[in-house]
Amino acid sequence: MALTLYVDTARWRAHHQSVVDQFPGLVPVCKGNGYGFGHERLADEATRLRAGMLAVGTTYEAARIKDFFGGDLLVLTPYRLGEEPVPLPDRAIRSVSSVEGVRGLVGARVVIEVMSSMRRHGVAEDDLGKLHTAIDDVRLEGFAIHLPLDRTDGSEAVEEVFGWMERLRAARLPLHTMFVSHLKATELATLQQQFPQTKFRARIGTQLWLGDHDATEYRGAVLDVSRIAKGERYGYRQEKSAADGHLVVVAGGTSHGVGLEAPKALHGLMPRAKGVARAGLATVNRNLSPFVWAGKQRWFAEPPHMQVSILFLPSDVAPPAVGDELVAHLRHTTTQFDRVVDRQSA
């Protein structure tokens with residue numbers, strides 16, 4: 001009995017190819033938990049796509065994945081002076097976001113990140129002049145810019161990249177390759193047309209691996225079902241049941257990422273109102289689980305355990321049987337499955 005990730009393999013891979021076709025020179029990204037699929041699986045998929053480069057989050061991820069992918073490995077986290085050294089092959093490329101970082105990587109292959117409106121990290125415009133002598137001692141693979149997902153000020157992503165291209169050109173820095181993130185295919189084509197001598201390479205993870213939501217599905221197996229009467233106690237904390245119903249024990253707990261949720265940016269009155277409502281229910285131990293039965297997400301009976309969750313079903317809902325599987329609406333990037341099952345479309 002397990003929390004299972006089901007993958008419609010043919011459909012999933014067809015989506016990969018459609019993204020690759022839209023973004024020539026695409027660099028697949030495999031970081032964190034491998035977008036829910038794991039590093040080894042995504043390394044295999046990147047190889048299947050004939051990708052010559054794979055982007056990873058950290059040097060530690062690069063060290064783990066190097067035995068599963070034979071091409072170049074682009075480490076996205078910028079190098080910092082004094083960081084713990086991690087042995088990596090020459091095909092590893094380090095991102096750098098400061099002049100000092102470039103100077104600290106003599107002989108290495110590097111990609112220099114510029115400061116975008118994300119304001120996360122990157123070389124500032126005032127420091128571009130200092131790069132001239134610094135890049136002589138490294139093998140420069142190109143520059144990179146990481147763009148925000150939302151542009152609430154009405155600005156255009158293409159204009160931001162265009163501005164940086166002009167600054168780099170004015171500083172007489174080499175512009176043979178520019179790595180970009182969070183651009184549409186049409187925007188990438190526009191930039192390629194404006195700067196034909198530069199090769200633009202999109203680094204894509206979420207859109208590539210998770211862009212077709214119907215290609216994957218999490219399901220948790222039902223382990224036990226028991227009746228409970230109003231007032232009876234249950235669970236670790238021995239709470240009293242507020243009504244007659246059933247307790248359903250389903251595979252999937254905190255060790256799988258069930259019950260964990262990344263903070264969300266809320267825009268508009270309705271999403272904010274729903275957020276306030278959820279917070280209010282949580283104060284009286286009412287938390288909606290990700291598990292679905294009879295067409296509805298069901299409430300946790302109590303906070304999820306390490307490997308299972310206990311759900312409450314009211315008496316007017318026929319319970320599942322042991323061995324049934326409940327669809328679970330889980331975030332891929334925070335979920336760890338017990339097993340993955342590849343299956344074909346019906």
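# A guided tour, starting from Thr216

Select threonine 216 to begin: this residue belongs to strand β10, which runs over residues 216-228. Keep in mind along the way that you are looking at a predicted model.

**Stop 1: Thr216 and its surroundings**

Is threonine 216 buried or exposed? With a relative accessible area of 14%, threonine 216 falls under the 20% cut-off, so it counts as buried. Now show the side chain of histidine 332 as well. The side chains of threonine 216 and histidine 332 are joined by a polar contact of 3.2 Å. Leaving aside residues up to four places away in sequence, threonine 216 touches Leu5, Tyr6, Val7, Trp12, Phe37 and His332. Keep Phe37 from that list for the next stop.

**Stop 2: Phe37 and the nonpolar core**

Select phenylalanine 37. Which residues does phenylalanine 37 touch, not counting those up to four places away in sequence? They are Leu5, Val7, Trp12, Leu42, Trp209, Leu210, Thr216, His332 and Phe337. Phe37 is also part of the largest nonpolar core, which has 86 residues. The residues with the most contacts inside this core are Phe37, Ile112, Leu131, Phe143, Leu168 and Phe200, so try colouring those six. Helix α6, at residues 157-170, gives this core its largest share, six residues. There is a second, separate core of six residues as well, and you can find it by selecting Ile228, Leu247, Val249 and Ile310, which are among its members. As a general background, nonpolar side chains in soluble globular proteins tend to be buried together.

**Stop 3: Leu210**

Next, pick leucine 210, which sits in helix α8. Its relative accessibility is 13%, so leucine 210 counts as buried. Beyond its close neighbours in sequence (up to four places away), leucine 210 touches Tyr35, Phe37, Gly205 and His332. Add tryptophan 12 to your selection. How many residues along the chain lie between the positions of leucine 210 and tryptophan 12? They are 198 residues apart along the chain, and their C-alpha atoms are separated by 8.6 Å.

**Stop 4: helix α1**

Tryptophan 12 brings us to helix α1, so select residues 9-22. At 1.5 Å a residue, these 14 residues should span 20 Å, and the end C-alpha atoms are indeed 20 Å apart, which agrees. Now highlight Thr9, Trp12, His15, His16 and Val19, which are buried in α1. They cover an arc of only 130 degrees around the axis, so they lie on the same side of α1. A general rule helps here: an α-helix has 3.6 residues a turn, so residues three or four places apart point the same way. What do the buried residues of α1 pack against? Show β1 (3-8), α2 (39-48), β9 (199-204), α8 (206-210), β10 and β18 (339-343), and you have their partners.

**Stop 5: helix α7**

For a second helix with a buried side, go to α7 at residues 185-194, where Glu187, Leu188 and Leu191 are buried. These residues cover an arc of only 100 degrees around the axis, which puts them on the same side of α7. Turn the helix around: the face turned away from the buried side carries the exposed residues Thr186 and Gln193. Among the elements that cover the buried residues of α7 are α6, β8 (177-181) and β9.

**Stop 6: two arginines in loops**

Select arginine 50, in the loop between α2 and β3 (53-56). Arginine 50 has a phi near 60 degrees, a positive value in a residue other than glycine. Its relative accessibility is 76%, so arginine 50 counts as exposed. Then move to arginine 119, in the loop between β6 (109-113) and α5 (131-134). Arginine 119 is not a glycine, yet its phi is positive, at about 60 degrees. Arginine 119 is exposed too, with a relative accessible area of 63%.

**Stop 7: zooming out**

Select residues 9-160, where UniProt, in an unreviewed entry, places the feature "domain: Alanine racemase N-terminal". This span is 29% helix and 18% strand, and its end C-alpha atoms lie 37 Å apart.

Finally, show the whole chain, which contains nine helices and 18 strands. The C-alpha atoms fill a box of roughly 75 × 40 × 40 Å along the principal axes. Of the 346 residues, 46% count as buried. Among contacts between residues at least 6 apart in sequence, 66% join residues at least 24 apart.

Key:
Residues are numbered from 1 along each chain as its sequence is written. This is a predicted model: local features need pLDDT of at least 70, side-chain atom pairs count only at pLDDT 80 or more; totals for chains, interfaces and linings use all residues. Side-chain values use heavy atoms; hydrogens and water are left out. A nonpolar core is a set of buried Ala, Val, Leu, Ile, Met, Phe, Trp, Tyr and Cys residues joined through side-chain atoms within 4.5 Å. Buried means under 20% relative accessible area, exposed over 50%, partly exposed in between (1.4 Å probe, protein chains only). Helices (H or I, at least four residues) and strands (E, at least two) are DSSP runs, numbered from the N terminus. Contact means heavy atoms within 4.5 Å. A polar contact is a pair of N or O atoms within 3.5 Å; within protein, one must be able to donate a hydrogen and the other to accept it, and residues adjacent in sequence count only if both atoms are side-chain atoms. UniProt positions are given in the numbering used here, feature names are shortened, and annotations may be inferred rather than shown by experiment. The expected span of a helix is 1.5 Å times one less than its number of residues. The arc is that of the directions from the helix axis to the C-beta atoms.
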